[in-house]
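Thank you all for coming. I would like to walk through one model this morning, starting from a single residue and working outwards.

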Amino acid sequence: MKITALSAIVFASLAGGAIAQTADQDLIERGKYIATMGDCAACHTQPRGAGKPYAGGYAIASPLGTIWSTNITPSREYGIGTYTEQDFSDAVRKGVLKDGTHLYPAMPYDAYAGITDADMKALYAYFMHGVAPVDEPPAQVTELPFPFNLRFSMAAWNLLYAGGKPFTPDAGLNAQENRGKYIVDTLGHCASCHSPRGLLMGSVSGQYLRGGSVGPWYAPDITGDPAHGIGSWANEEIATYLKTGRAEGKAQAAGPMAEAVEHSFQHMSDDDLGAIAAYLKTVNAPAASASPVASRTDMGQPADVEPGIRGLFPENAHDSLKTGAELYSGYCASCHQPNGAGSRNQAYPSLFHNSVTGAASATNLIATILYGVDREAGGDHVLMPHFNTGSYVAVLTDQEIADISNFVMETYGNPNAAKVTTADVQVVRNGGPVPFLAKVQPHIPALMATGGVAAVVVLAGVILLVRRRRIA
């Protein structure tokens, strides 16, 4: 066949277009993976088919009020369809929208600030060309109480806690550990939950990944500390936990962590999960010469209390479950077994050698009883019913939950944490500890009215003090 000069030009043009299209599609697919790593869908898509992908409308419960996630589809009217790549980067990395509106740090832009330029480019390509636009007005918008509704005040918060730069490798880590650090610190935004928060709800300096409150749950220490963290876990166990939500004989994911496993971690590559595990083991890792210590997953042993409580009451007795042991027998033993060992295949987990019952606090045990477990990973749906209002099993009182918690901690876990009171249960039932800002919010309008200038001076002093401590 004879190819003319014109046909050669046409052929080359078509080939070049096909190559460009493939390159663009590769970039979009890369961006999709990055969005999954960043867990974007968890907040911007209503769960399990209740809404369209990335259309927003998900209620994020914060101590300062409900924050409603926004539409981040390429809708030009209701989403981000008019955003340039720079506009998109400013929103993701700085928490500032195209119109200058400041986002609340429920959007973890303080962590996303570290996303590399290459990954940001791919992320933009995905949201602009790989996501279907949803041209629907929001059903709910965020309306926090004064003064938190003054979004420009976030500029001061950003001076203290945000404004990071794109990730640069740590010379003290190898390539795998640096990859893990990048995921943990940026896209995974692990410190957003696993680091404690201070007076102004920014991360406390020097407590990186040492654990923090997330509403009614407690995100535990995930450093390489063998006693309090996950230093005693094998790298493979950490990776398995992230992929499935369960590390047998150690932990099960519930609450916000179950959501992270379902929407994000289980979809990551094995290499990336291995990198996360490798990096976490380096954080606060003990010296090679340090003596072995017991971890929270080593605590407890099987103990069957059934023989001591059987036959105490007649068959037609009512309200006979009074003690922690009796309540455990009535509500828990059918799944977790009378001796606390769980089922043979550990679909119902053991209550000893368990990170929840071996913890220094019973917070997550209380939360599990009140809110249950509900996660989907690897084709398996793990469900433990809750015992809160609306339960289809039973609604337990604060006293009953305190009694069960104390029995379980003392019998199968850390007996030093068996000091649960009804007040402790009430805190978890009400959504977790109330932070300083939420406590003072009702008094702020009066303070502003009677001494606005003084209030501003005091606030400036607090900001300056916090900033100095962070620098120090």
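Let me begin with Cys-190, which in this predicted model sits in the loop between α7 and α8. Is Cys-190 buried or exposed? With a relative accessibility of 12%, Cys-190 counts as buried, because the cut-off for that class is anything under 20% relative accessible area. If we set aside residues up to four places away in sequence, Cys-190 touches Val-184, Leu-209 and Ile-222.

The reason for starting there is an annotation. In an unreviewed entry, UniProt lists Cys-190, Cys-193 and His-194 under "binding site", and of these residues Cys-190 is included in the lining of the second largest pocket. His-194, for its part, lies in helix α8, and at 11% relative accessibility His-194 also counts as buried. Leaving aside neighbours within four places in sequence, the contacts of His-194 are with Leu-209, Arg-210, Gly-211, Gly-212, Ala-219, Pro-220, Ile-222 and Met-257. Leu-209 and Ile-222 therefore appear in the contacts of His-194 as well as in those of Cys-190, a point that can be followed on the screen with both side chains displayed.

Let me turn to the pocket itself. The second largest pocket has a volume of about 640 Å³, and 30 residues line it, of which Asp-110, Ala-111, Tyr-161, Asp-185 and Ala-191 lie nearest its centre. Which helices supply at least two residues each to this lining? They are α4, covering residues 109-112, α6, covering 154-161, α7, covering 175-187, and α8, covering 191-194. Among the contributors, α7 gives the most, with four residues. Sorted by class, the lining of this pocket holds twelve nonpolar, twelve polar and six charged residues.

There is a further annotated group to consider. The unreviewed UniProt entry also applies "binding site" to Cys-40, Cys-43 and His-44. Cys-40 is placed in helix α2, which runs over residues 40-44, and His-44 lies in helix α2 as well. Cys-40 is buried, with a relative accessible area of 12%, and His-44 is likewise buried, with a value of 14%. Beyond its neighbours within four places in sequence, Cys-40 is in contact with Ala-35, Tyr-54 and Phe-127. Under the same exclusion, His-44 is in contact with Tyr-54, Ala-55, Gly-56, Ser-69, Thr-70 and Ile-72, and Tyr-54 is thus found in the contacts of Cys-40 and of His-44.

With several cysteines on the table, we should ask about their pairing: how many disulfides does a search of the whole structure find? The search finds zero. Cys-43 is in no disulfide, and the nearest cysteine sulfur to it, that of Cys-40, is 8.8 Å away; since a disulfide requires two cysteine sulfur atoms within 2.5 Å, the distance of 8.8 Å does not qualify. Cys-335 is in no disulfide either, its nearest cysteine sulfur being that of Cys-332, again 8.8 Å away. As for accessibility, Cys-43 counts as partly exposed at 27%, and Cys-335 also counts as partly exposed, at 27%.

Let me move on to enclosed space. By the rule applied here, the count comes to one cavity of 30 Å³ or more, and about 50 Å³ of space lies in the largest cavity. Which residues line the largest cavity? The lining consists of Arg-246, Ala-247, Glu-248, Gly-249, Lys-250, Gln-252, Gln-346, Pro-349, Ser-350, Phe-352 and His-353. By class, these residues divide into three nonpolar, five polar and three charged.

Finally, some figures for the protein as a whole. The protein has 19 helices and eight strands, and buried residues make up 42% of its 472 residues. Of the contacts with a separation of 6 or more, 63% are accounted for by residues 24 or more positions apart.

To return to where we began, Cys-190 is buried and belongs to the lining of the second largest pocket, whereas Cys-43, which carries the "binding site" annotation in the unreviewed entry, is partly exposed. I am happy to go back to any of these views.

Definitions and conventions: Residues are numbered from 1 along each chain as its sequence is written. This is a predicted model: local features need pLDDT of at least 70, side-chain atom pairs count only at pLDDT 80 or more; totals for chains, interfaces and linings use all residues. Side-chain values use heavy atoms; hydrogens and water are left out. On a 1 Å grid over the protein atoms alone, a cavity is a set of points where a 1.4 Å probe fits but cannot get out, and a pocket is an open set with protein on both sides within 12 Å along at least five of seven lines; lining residues have an atom within 4 Å of a point. Grid points are joined across faces, edges and corners, and a volume is the space filled by probe spheres set on the points. Ala, Val, Leu, Ile, Met, Phe, Trp, Tyr, Cys and Pro count as nonpolar, Asp, Glu, Lys and Arg as charged, and the others, Gly among them, as polar. UniProt positions are given in the numbering used here, feature names are shortened, and annotations may be inferred rather than shown by experiment. Buried means under 20% relative accessible area, exposed over 50%, partly exposed in between (1.4 Å probe, protein chains only). Contact means heavy atoms within 4.5 Å.
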